[in-house]
Amino acid sequence: MKTPTRRSLIWLSSAYLAFGMPTNAQTTTAPDLDRDGIANINDPDVDNDGLLNGADRNIDGGTARSGPLKGRYIGDRLNNDNAAEADMDADGLADNSLKETDIDGDGLADSAANETDIDGDGRADDAANEADIDGDGKTDDAPNETDIDGDGLEDDATAEADIDGDNRADNSASESDIDGDGRADDTANETDIDGDGKTDISINETDIDGDNLADDASNEHDVDGDGLDDEALKETDIDGDNLENAADNEADIDGDNIVNDEDPDMDSDGVENEIDEDFDNDGVKDTIDFTDDGGNGSFIDDDSAKPTNDFVSSKLSELLGVANDSRLKVAVMSTTEPYGTWNYRTSDGISVNGVWSYPADKPEELKPFMSNAAGENRIYAQYPNGFLTFYSWLPGEPVGFAFSTLSEQATGKTAPIARLHSYVSGFPNAYPEILPQVISGSTSIMFYGDLPVFDGIGPIVDQQRAIFKIVTDWEKENYPTDRR
């Protein structure tokens, strides 16, 4: 049955009077609080107190200033934002009902661009002091508030594109407070950006900004919805957990619940780590450097370390074949039981690293290439943004090398496996003799073989340059849009 229009209600009232029947004997099909013949759902002033619904702090309660109930207090005494007020405009539709599209009955749909105060409490929906946008008595950041703007769509529903109902889409660059709780999305005290009751670092929070794009989706370019593209240099905290991307204790940079060591796209920029020039998005190209303490304060001060540093640097420069080259760096971790790390970086970005030590007061027993395997020597090398290659050898024996690359099964993209195999096959004791098999849970493919007996890092650097060229040529040919 259709709701009677104002004209039909007036006609019915006149008919009752014409037939000598009292007007209070009529039956209407929709609530009419002030009995003015206009159903509450269509009445711009439900309680007839002279305040239009959108400006009335208690829409369905006040003293009628006109109409048949003039001078009488009608309705309830619950303000619109009272927790007990479930239907502020008394239209018979609960404020959190899917069918309730105009909570405060001001004639503006809750989703309308010009509706700036959904619950009609006098506080703009995006005001800092508006803590309950839909006026249901549950604060916007309460764990049990699952529909912040009261539009009947749960905050984490696929169809909910504007969680706080401020007419700025959740994934809009201009939306700086997605859940409308008065805390900007990128502030330290905002721990639930989309206000869905799941903290941003929760294991079951898979869509931090509530834009219906999974945090690890290839088309999700702003994980925390702060308006900064995840690969922008200014984006120093991709997942909005208040841990900078480069922080030592940031174990999941992009907040996709895959720890960094196991995440093939650590910063969720759509570029796999192996071809990403800056896979932690800290603004620095990612070539390892064992002499960089990462800000954790593990290295001792320069003055006390200088004699040890000078000694180790001198010995290493000779052994590596880079005598007096300023690009060799040595870090001293301790002078009591002397040990530390070293790094040599070429002008074209090849990084070669190792760990050194010697017994206290016995520098002549320096071990320049320490390994966790007894008697073994080890060096680590890496081309720019590439995988690590491990070089190890026993005294007097050839230097073995080993590296792995992610498989197509892991990345969804082909890799230059055949080219790498062809290159590696040219070395002694190369493995395997046929195209590499997928190993380690179908995620990586291993290559290894032998270099000559160690006589400096020249052959290691040459090999890194050759591998780098193979990989970068392949990327340019097959995935040119992935490269920055």
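This briefing covers the fold, helix α2, the nonpolar cores and the aromatic pairs of the structure above. The model is predicted. The protein has 5 helices and 10 strands. Of its 484 residues, 45% are buried. Among contacts with a separation of 6 or more, 43% join residues 24 or more positions apart.

**Helix α2**

- Helix α2 spans residues 302-320, a run of 19 residues.
- Its end C-alpha atoms are only 23 Å apart, whereas a straight helix would reach 27 Å at 1.5 Å a residue.
- A kink of about 35° is centred on Thr 308.
- Thr 308 is also one of the buried residues of α2. The others are Ala 305, Val 312, Ser 313, Leu 316, Ser 317 and Leu 320.
- An α-helix has 3.6 residues a turn, so residues three or four places apart point the same way.
- The buried residues of α2 pack against three strands: β3 (328-334), β4 (339-345) and β5 (351-357).
- Gly 321 follows the helix, with a positive phi near 80°.

**Nonpolar cores**

- The largest nonpolar core holds 39 residues.
- The residues with the most contacts inside this core are Leu 320, Trp 342, Ile 379, Phe 454 and Ile 457.
- Helix α5 (residues 458-478) gives the most to this core, with 5 residues.
- Another core, of 16 residues, lies apart from it. Its members include Met 88, Ile 193, Ile 208 and Ile 253.
- In soluble globular proteins, nonpolar side chains tend to be buried together.
- Leu 320 belongs to the buried set of α2 and is among the most-contacted residues of the largest core.
- Not counting residues up to four places away in sequence, Leu 320 touches Leu 328, Trp 342, Phe 369, Phe 454, Gly 456 and Ile 457.

**Ser 357 in strand β5**

- Ser 357 is found in strand β5, one of the strands that the buried residues of α2 pack against.
- Its relative accessible area is 13%, so Ser 357 counts as buried; the cut-off is under 20%.
- Leaving aside neighbours within four places in sequence, Ser 357 is in contact with Pro 338, Tyr 339, Glu 365, Leu 366, Lys 367 and Met 370.

**Aromatic pairs**

- The count comes to 13 aromatic pairs.
- Phe 311 and Tyr 358 form an edge-to-face pair, because their planes stand at 85° and the class needs over 60. Their ring centres are 5.7 Å apart.
- This pair links distant parts of the chain, 47 residues apart. Phe 311 is in helix α2, and Tyr 358 is in the loop between β5 and β6 (377-382).
- Phe 311 is partly exposed, at 25% relative accessibility. Tyr 358 is buried, with a relative accessible area of 10%.
- Trp 393 and Phe 454 make a stacked pair, 4.7 Å centre to centre with 10° between the planes.
- That pair also links distant parts of the chain, 61 residues apart. Trp 393 sits in strand β7 (residues 388-393), and Phe 454 in the loop between β10 (444-453) and α5.
- Trp 393 and Phe 454 are both buried.
- Ring pairs join Tyr 383, Phe 387, Phe 403, Phe 447 and Phe 468 into a cluster.

**Charge over a ring**

- Arg 77 lies over the face of Tyr 73, at 3.7 Å from the ring centre.

Notes. Residues numbered from 1 in each chain as written. Predicted model: local features only at pLDDT ≥ 70, side-chain atom pairs only at ≥ 80, totals over all residues. Heavy atoms only, no water. Helix = DSSP H or I, 4+ residues; strand = E, 2+ residues; numbered from the N terminus. Expected span 1.5 Å × (residues − 1). Bend = angle between axes of the 7 residues up to and from the residue. Buried < 20%, exposed > 50% of the residue type's maximum accessible area, 1.4 Å probe, protein only. Contact = heavy atoms within 4.5 Å. Core = buried A, V, L, I, M, F, W, Y, C linked by side-chain atoms within 4.5 Å. Phe/Tyr/Trp six-rings, centres within 6.5 Å; stacked < 30°, edge-to-face > 60°. Lys NZ or Arg CZ within 6 Å of the ring centre and 35° of its normal.
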